[in-house]
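Visitor: I would like a close look at one part of this model, namely how its sheets are put together and how the helices are laid against them and against one another. Please take me through it slowly and in a connected way.

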Amino acid sequence: MPKRVVVVGGGIAGASTAFALARRGAGVTVVDDGRVGSATAASAGIVAPWVSGAGGAFYELYAAGAAFYPRVLELLAGAGIARTGYRRTGALMVSADPVLLSEVHQRVMARTRSAGPVAGEVRRLDGAQVRALFPPLAPELEGVFVSGGARVDGRTFCAGLLAGAVHHGAQAVTGRARLVPRPRGVPVVEVDGRTLEADDVVVAPGAWVNEILGPLGVRLAVAPQRGQITQLRLVGVDTSGWPSVHPLSHHYLVAFDDSRVAVGATRETGSGFDPRVTAAGQRQVLDDALHVAPGLAEATVLETRVGLRPLADREQPIIGPLPGTGVHVVTGFGAAGLTMGPFVGDAIARTILDGSPPAELASFTPTPGDVVAPP
């Protein structure tokens, strides 16, 4: 009999896990309540880990996530899912400091050599060349271009993963999940009065992880971090081939197919579960964007999306079986969820169905230091 698995959370982590489990034959039920503030729905969706400042095990997982994208796209296509919102348009790091760019160039070259074909080629570009790729950029900027950089629309991609899971037999349930502990073994999941029995439970609700784990007496060192991202439209301009832009800072610009450019993002640690667009956040996002790309000044402001990222105190994801609870947790990605999520979801599926966690997740297994309140 196939294993029965309930996945709590329909964002990138939950949807990826559900798709990976269902295509391997597990009996999967995905539960999501569609809360305002989903990080997946608001994310700009940059897939270019080689340009980040991350290192160590975090970078290795980041890079593995990008390398897995061609495979998950192939698997989605096999399930009849063609619309994913994913496109490789390159990643462009920009600065007015040629010395700094030379250092970045060398670092990224080293990373892409070990990353293989998925990272593509790396080129140093002058000002005219960077503006040929992204015309609104400031004239003093030069750049380093990585051709393998990609972007993905989080809403579209997540919907594709869930549709792929349903194609393979999964059920999608809308409602608020509650874990009901049992003296031994896996807890029961209740959804608006309905009881879901499972052999395994995956808790992947993003920043709301502690609300779900609460009935088990467990609280992880994870809290929401608000990110505000503004969507602009350049009417009549074909932005579909523009690369993502990284000004060697916390902010970025990401172009999409519909004459749209996403600019952001704030990183508001300590925001709590507050999904508002604030005046200060809006000002920061637009000031940062127009400093780098003054040519966006006449763009139409469409909306500002707010995502509550799950940020772990250790600034590393928390992934794997949570001792004493009977559940697997997937949380703490911060701003890296859309890159890491499909790979991690596949790895969690292998953990559940094969009985042993893949080596790639060893550094992210829950530890006593991650648990604020033990079971």
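Guide: A good place to begin is a single residue pair: valine 47 has alanine 150 of β8 as its bridge partner. The model is a predicted one, and that pair belongs to an antiparallel pairing of β3 with strand β8, residues 150-152, which extends over 2 bridges. These two strands are part of an open sheet of 3 strands, arranged in the order β3-β8-β4 with antiparallel pairing. At its edges stand β3 (46-47) and β4 (86-88), and each of them has a single partner strand, so one side of each is left without a neighbour in the sheet.

The other sheet to look at is also open, but it has 6 strands, in the order β9-β2-β1-β13-β22-β21, and its pairing is mixed. Here the edge positions are taken by β9 (171-174) and β21 (318-322), each with a single partner strand, so that one side of each has no neighbour in the sheet. On average, and with direction ignored, neighbouring strands of this sheet are turned by 15° against each other. One pairing in it can be followed in detail: strand β13, residues 200-203, and strand β22, residues 327-331, run in the parallel sense and are joined over 3 bridges, and valine 201 is found opposite valine 327 in β22.

From this sheet we can move to the helices that lie across it. Helix α1 lies across β1 (4-8), β2 (27-32), β13 and β22, and it runs at about 165° to β1. Helix α9, residues 337-354, lies across β1, β13, β21 and β22, running at about 170° to β22.

Next come the contacts between α1 and α9 themselves. Their axes come within 7 Å and cross at roughly 40°, and that angle makes α1 oblique to α9. The crossing by which α1 passes α9 is right-handed. On the α1 side the contact is made by Ile12, Ser16, Thr17, Ala20, Leu21 and Arg23, while α9 contributes Gly337, Leu338, Gly341, Pro342, Gly345, Asp346, Ile348, Ala349, Ile352 and Leu353. Sorted by class, the residues of this contact divide into 9 nonpolar, 5 polar and 2 charged.

Helix α1 (residues 12-23) also meets helix α6 (residues 154-167), and there the axes come within 8 Å and cross at roughly 25°. The two helices are therefore roughly parallel to each other, and the crossing of α1 and α6 is left-handed. The residues that make the contact are Ile12, Ala15, Ser16, Ala18, Phe19 and Ala22 of α1, together with Phe157, Cys158, Leu161, Leu162, Gly164 and Ala165 of α6. By class, this contact of α1 with α6 holds 10 nonpolar and 2 polar residues, and no charged ones.

Helix α9, for its part, also packs with helix α3 (residues 56-78), at an angle of about 75° and with the axes 7 Å apart. An angle of that kind falls in the range of 65 to 115 degrees, and α3 and α9 are therefore roughly perpendicular to each other. From α3 the contact draws on Phe58, Leu61, Tyr62, Ala64, Gly65, Ala66, Phe68, Tyr69 and Val72, and from α9 on Leu338, Thr339, Met340, Pro342, Phe343, Val344 and Asp346. By class, the contact of α3 with α9 has 13 nonpolar, 2 polar and 1 charged residues.

Two points of local backbone geometry, both in loops between strands, can be added. Glycine 264 and alanine 265 are joined by a cis peptide bond, with omega of about 0°, and alanine 265 has its place in the loop between β18 (260-264) and β19 (268-269). Aspartate 192 has a phi near 50°, which is a positive value in a residue other than glycine, and this aspartate 192 lies in the loop between β11 (188-191) and β12 (194-196).

To set these parts within the whole, the protein chain has 9 helices and 23 strands. Its radius of gyration is 21 Å, close to the 21 Å that the globule rule gives for 375 residues, so the chain is as compact as a globular protein of that length. Along its principal axes, the C-alpha trace of the protein chain spans about 65 × 45 × 40 Å.

Methods. Residues numbered from 1 in each chain as written. Predicted model: local features only at pLDDT ≥ 70, side-chain atom pairs only at ≥ 80, totals over all residues. Heavy atoms only, no water. Axes fitted to C-alpha atoms, helices over the stretch in contact; angles between N-to-C directions. Helix = DSSP H or I, 4+ residues; strand = E, 2+ residues; numbered from the N terminus. Parallel < 35°, antiparallel > 145°, perpendicular 65-115°, else oblique. Left-handed = near helix turned anticlockwise from the far one by under 90°. Contact = heavy atoms within 4.5 Å. Nonpolar A, V, L, I, M, F, W, Y, C, P; charged D, E, K, R; others polar. Pairing = 2+ DSSP bridges. Rg over C-alpha atoms; globule rule 2.2 N^0.38 Å.
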